[in-house]
Amino acid sequence: MSEELLVSGRYLVPMDGTVREDAAVVVRDGVIAAVGDRTELEAAYPGARRLHTPEGIVLPGLVNVHTHAAMSCFRGLADDLELMEWLERHIFPAEAELTPEIVYQASLLSFCEMIRSGTTSCCDMYLFSREVARAAEEVGIRAWIGEVLYDFPSPCYGPLAKGYDYVRDLAVSYQGHPRITVTVDPHAVYTCSPELLRRAHELACDLDAIYVIHLAETEGETAACRERYGATPVRHLERLGVLDQRLLAGHCVVLDDDEIALLAGRGGAVAHCLESNMKLGSGLAPVPELLEAGVAVGLGTDGPASNNDQDLFGEMGNVARVHKGFRRDPTVLPAARVLQLATDGGAACLRMTGRLGRLAVGAAADIVVVDADAPHLTPLYDRVSHLVYCATGPDVRHTVVDGRVVMEDRRITTVDERAAVSRMRELAGRLRPLMGGAPSRGTGEHG
Ligand SMILES: [Zn+2]
């Protein structure tokens, strides 16, 4: 039997609608074994290792349902551009030069950033995803990982035909892994042919995997899809027979009422990437309507080149504020609802309802402790309000994933974070010349 761990603070937010005072969580074998009164649990588990934060708020680890961790190597380059110009003139050409080592190191940095800001699970779509998985394993984060599939050659696997094999091999490697799950990731309707979208869906069914895609991100995407295929992106997927409960669609900014009903009816899930959509000027996803229709919605940071950080606390604060501002309605998406999106909602997107995003007996022991002993978190009348409107990533004191303390007192315990930062600085020298004003591949190749 593994060591027992008892995590406690002043408050516990288990995501069951309550806030408990002087409560604790007991962890054993990677799952939550008990939730209850701190004094009672300390007596019942005298041998448990204790991790107590006197002014701490203990909550489930946050779930980031859409990111590209390795894009930390492009952070701050090519900002303030329209999506297609950003992708085609800057990101795609630079990505063509990526190496496995850069992807590994950049992923390592992002996973450290996530652990530092209270994210314990993420859904990552990128290139060289075997390297992403290796970094996730080392840092100790829980991750859903997929290799981008698109019509043009990949710097990772070469021609598309080999992409399917790459995904299948990766799935075999991680079958039964306690923290890594492989997904099938066609990039978007504008970079993937109908045949690719169908074949990727067959593969997802075969592997019983989540089907991750960027969908209905901009008005431009919708107009181009309509012109090319005679249907909006969501209806295009429906016509192809790939819109079902496997779908985890990033963005979904441009949706009409019928498409929202269609997503709800088919059981598709949506990754809401507010900061990325704001930064790229894409617009605001109809999240209240999606929730009203019963669609599972989680929060995603998107990649560090379009956000530009991986801090879900910041994301929550912006989600709670921006929807209110746009609608001129302060009752839209209250704090508790937003915290639910970042925990339980994310779990639903990853088909993990009840097993992730809650502090409950039998759920995964993914736990974070926010230390409220700080000026901006004092006084503490409403714990949930502070978590959404005041707390930021650096307020996280301890992070536990799968029962393992991966950050203790702000120190990452699993990898040499300083070495990772230094190595990325060296590698950045190689990437710098590739960014900015790189020649376009032209829309003909993948538009
Ligand atoms: Zn994305």
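## A buried cysteine with an unusual backbone

C252 is buried, with a relative accessible area of 0%. That value, like the rest here, comes from a predicted model. Look for C252 in the loop that runs between strand 13 (247-251) and helix 9 (257-266). Its backbone is worth a glance too: phi of C252 sits near 50°, which is positive even though the residue isn't a glycine. For context, most residues other than glycine have a negative phi.

R351 makes a handy partner for C252. Here too phi is positive in a residue other than glycine, this time near 60°. R351 is in the loop between helix 13 (335-349) and strand 16. Its relative accessibility is 32%, so R351 counts as partly exposed.

## The chain as a whole

Stepping back, the chain has 16 helices and 19 strands. Its radius of gyration is 21 Å, and the globule rule gives 22 Å for 447 residues, so the chain is as compact as a globular protein of that length. If you boxed up the C-alpha atoms along the principal axes, you'd need roughly 65 × 45 × 40 Å. Of the 447 residues, 60% are buried.

## The zinc site

What holds the zinc ion on the protein side? Three histidines and an aspartate do the job: H66, H68 and H214 each offer NE2, while D302 offers an OD oxygen. These donors lie 2.0 to 2.3 Å from the metal. Along the chain they follow the spacing H-x1-H-x145-H-x87-D. H66 and H68 are both buried.

Why is the arrangement around the zinc ion called irregular? The angles subtended by the four donor atoms run from 85 to 171°, and a tetrahedral call would need all of them between 85 and 135 degrees, so the site ends up as irregular.

## Two enclosed cavities

Counting those of 30 Å³ or more, there are two cavities. The largest has a volume of about 200 Å³. Its lining comes to 21 residues, and the closest to the cavity centre are H68, M71, L87, H187 and H214. Two of these names, H68 and H214, also turn up among the zinc donors. Helix 2 and strand 9 (119-126) are the elements that give two or more residues to this lining, and helix 2 gives the most, with six. By class, you get 13 nonpolar, five polar and three charged residues around the largest cavity.

The second largest cavity holds about 40 Å³ of space. Lining it are A78, D79, D80, L81, W86, K279, L280, A305 and S306. Sorted by class, that's five nonpolar, one polar and three charged.

## The largest pocket

Now for the open kind of space. The largest pocket offers about 430 Å³. Among its 21 lining residues, the closest to the centre are I180, T181, V182, L207 and D208. Which elements supply at least two residues each to this lining? They are strand 10 (142-149), helix 5 (160-173) and strand 11 (180-186). Strand 11 gives the most, with three residues.

The class make-up of the pocket lining is 12 nonpolar, four polar and five charged residues.

## Another cysteine to look at

C73 sits in the loop between strand 8 (62-67) and helix 2 (83-95). Buried or exposed? With a relative accessibility of 10%, C73 counts as buried, because the cut-off for that is under 20%. C73 and A106 are 33 residues apart along the chain, yet their C-alpha atoms are separated by 5.5 Å.

## Two cis peptide bonds

Most peptide bonds are trans, so these two are worth checking on screen. One joins N307 and N308, and it is cis with omega about 10°. N308 belongs to the loop between strand 15 (296-299) and helix 12 (312-327).

The other cis bond runs from T378 to P379, where omega is near -5°. P379 is in the loop between strand 16 (367-371) and helix 14 (383-390).

Terms used. Residues numbered from 1 in each chain as written. Predicted model: local features only at pLDDT ≥ 70, side-chain atom pairs only at ≥ 80, totals over all residues. Heavy atoms only, no water. 1 Å grid on protein atoms, 1.4 Å probe; cavity = no way out; pocket = protein on both sides within 12 Å on 5 of 7 lines; lining within 4 Å. Points joined across faces, edges and corners; volume = space filled by probe spheres on them. Helix = DSSP H or I, 4+ residues; strand = E, 2+ residues; numbered from the N terminus. Nonpolar A, V, L, I, M, F, W, Y, C, P; charged D, E, K, R; others polar. Donors = N, O, S within 2.8 Å, 3.2 Å for Na, K, Ca; no water. Tetrahedral: all angles 85-135°; square planar, octahedral: opposite > 155°, others 65-115°. Buried < 20%, exposed > 50% of the residue type's maximum accessible area, 1.4 Å probe, protein only. Rg over C-alpha atoms; globule rule 2.2 N^0.38 Å.
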